[in-house]
Amino acid sequence: MKLQQQDPQIYDLIKKEITRQKEGLEMIPSENHTSEAVLEALGSRLTDKYSEGYPGMRYYGGCENVDVVENLARDRAKELFGASWANVQAHSGCPANQAVYFALCDPGDTVMGLKLFHGGHMTHGLKLNFSGTIYHSVQYGCREDGFIDLDEMRSLAHEHKPKLIVTGGSAYPQIYEWAKYKEIADEVGAYLLADMSHVAGLVAGGMHPNPVGIADVVTTTTHKTLRGPRGAIIMANGNPSTPLTKVERSKENIPTLVDRAIIPGLQGGPHNHQTAAIAVALKEARQPAFKNYAKQIVVNAKTLAEELLSKGYQLVTGGTETHLLLINLGNKDITGKQGEKALGLAGITVNKNTIPHDPRKPFDPSGIRLGTPALTTRGMKEAEMRVVANMIDRALTNHGDENALTRIHDEVKEMTKNFPLSPKLA
Ligand SMILES: Cc1ncc(COP(=O)(O)O)c(C=O)c1O
């Protein structure tokens, strides 16, 4: 009520966005719909509070409540993923990764990550990103079949002796083989960072191997498959000492090094409302219903993959073991950019994406990336995935026909009426 009176412009835009989400199929694999409880924590008075430092060691008074909130978030993260230490203050995924680089490397040190255009993330060493400008970045890629090229990763690691190897990614439809990456990191004495941002919810739900306990340090966003607010968690199994004490660089000291990298290294006050919302999401992720959710995400992605394959679409790696699919439109009469636009007009939100060894340019690539976390949150199952695959096929086939696309959007609106945005928590 207050917002509507005070700032009708913003109020209307929020209303419009809710309608857009309700009446569309959100298939960007890094997006999801949080619960009402998460939203409530996020919109709370906790946003008013400054609390630089860590629980029990703050530079501000009045932190008795936010101390408990942050401890709850940290404990729930540790319990869910089996870590001995967690930091929940990084404002989002990029700053979380930045904190790990800052903690473990000096400017100019060699770091190694998966190429952005092969499914990596820009913070994994892209030349235009801090990770590729402050550090000397070497990049591994995927084989022609789309799977991460472990041979190349190993030979580049031996040749360049990186201080830090970054694994995980943003557009990889297969299982991340954390133990194999660790073997390579150990062979060359590198720290291993597993960025499980995309698959954290699958890890929590037992549908993807857990990197905690294998990698030296693990980062994750909280807003993708994990279904929390925007934010991040950094975890390790080292020895947390007093966070703000200066310590030697070593694997055991990673918790202290990263805590110090977050503050005073990179950030000021933690976002307490966000920390509380992360705690709520972590509590939800511990419920049995979340296991079913994670399983259904993968079942849905596989169903979608089968349907699209049967309609003649090419999928990078031949299918999916996770929540996402990467379609190579190379054999169809349409580019990724045109595909994104056509699907958008049909009410199906996806994003254009490069495929490994893409013959086309990144701003107009051959692929489309899509996923099932948000649709699964809304309660959609295999039957709906078959309908969605059919809609995707019709939209891509009729990409030049605006009337056809509008008709599909009408069907999407009709279908989504039965599927609320809020997740089922029990
Ligand atoms: C693997 C990976 N790491 C880090 C990030 C960065 O997260 P944020 O956008 O919250 O900074 C993303 C986001 O897409 C990601 O996919």
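Which residues lie nearest the centre of the largest pocket? In this predicted model, the largest pocket is lined by 46 residues, and S30, E31, N32, H223 and R230 are those that lie nearest its centre. A pocket is here an open set of points, on a 1 Å grid over the protein atoms alone, with protein on both sides within 12 Å along at least five of seven lines, whereas a cavity is a set of points where a 1.4 Å probe fits but cannot get out; lining residues have an atom within 4 Å of a point. Local features were required to have pLDDT of at least 70 and side-chain atom pairs pLDDT 80 or more, while totals for chains, interfaces and linings use all residues. Residues are numbered from 1 along each chain as its sequence is written, and side-chain values use heavy atoms, with hydrogens and water left out.

The volume of the largest pocket is about 1,300 Å³, a volume being the space filled by probe spheres set on grid points that are joined across faces, edges and corners. Two or more residues of the lining are given by each of α2 (8-22), α3 (36-42), α5 and β14 (351-353), and the largest share, six residues, comes from α2; helices (H or I, at least four residues) and strands (E, at least two) are DSSP runs numbered from the N terminus. The lining comprises 13 nonpolar, 22 polar and eleven charged residues, where Ala, Val, Leu, Ile, Met, Phe, Trp, Tyr, Cys and Pro count as nonpolar, Asp, Glu, Lys and Arg as charged, and the others, Gly among them, as polar.

The ligand sits in this largest pocket, in the sense that more than half of its atoms lie within 2 Å of the grid points of the pocket. Around the ligand are 13 residues, of which S92, C94, S170, D195 and K224 come nearest; a residue is counted as near if one of its heavy atoms lies within 4 Å. The shell divides into one nonpolar, ten polar and two charged residues, and its largest share, three residues, is contributed by helix α5 (residues 93-104). Polar contacts, taken as pairs of N or O atoms within 3.5 Å, connect side chains of the protein with oxygen atoms of the ligand: a polar side-chain atom of S92 is placed 2.5 Å from one such oxygen, a polar side-chain atom of S170 lies at 2.8 Å, and an N or O atom in the side chain of H223 is 3.5 Å away. Taken alone, the ligand exposes 390 Å², and the protein buries 83% of that area, as computed by the Shrake-Rupley method with a 1.4 Å probe.

The structure also holds two cavities of 30 Å³ or more. The largest cavity, with a volume of about 40 Å³, is lined by R227, E284, Q287, A289, F290, K424 and L425, a lining that divides into three nonpolar, one polar and three charged residues. The second largest cavity contains about 30 Å³ of space, and its lining, which includes V88, Q89, P270 and H271, has four nonpolar, four polar and no charged residues.

Turning to the backbone, R227, one of the residues lining the largest cavity, has a positive phi of about 65° although it is not a glycine, and R227 lies in the loop between β9 (217-221) and β10 (232-236). K161, likewise not a glycine, has a positive phi of about 45° and is found in the loop between α7 (150-160) and β7 (164-168). A cis peptide bond, with omega about 15°, joins I263 and P264, and P264 is found in helix α10 (residues 254-266).

Conventions
A polar contact is a pair of N or O atoms within 3.5 Å; within protein, one must be able to donate a hydrogen and the other to accept it, and residues adjacent in sequence count only if both atoms are side-chain atoms.
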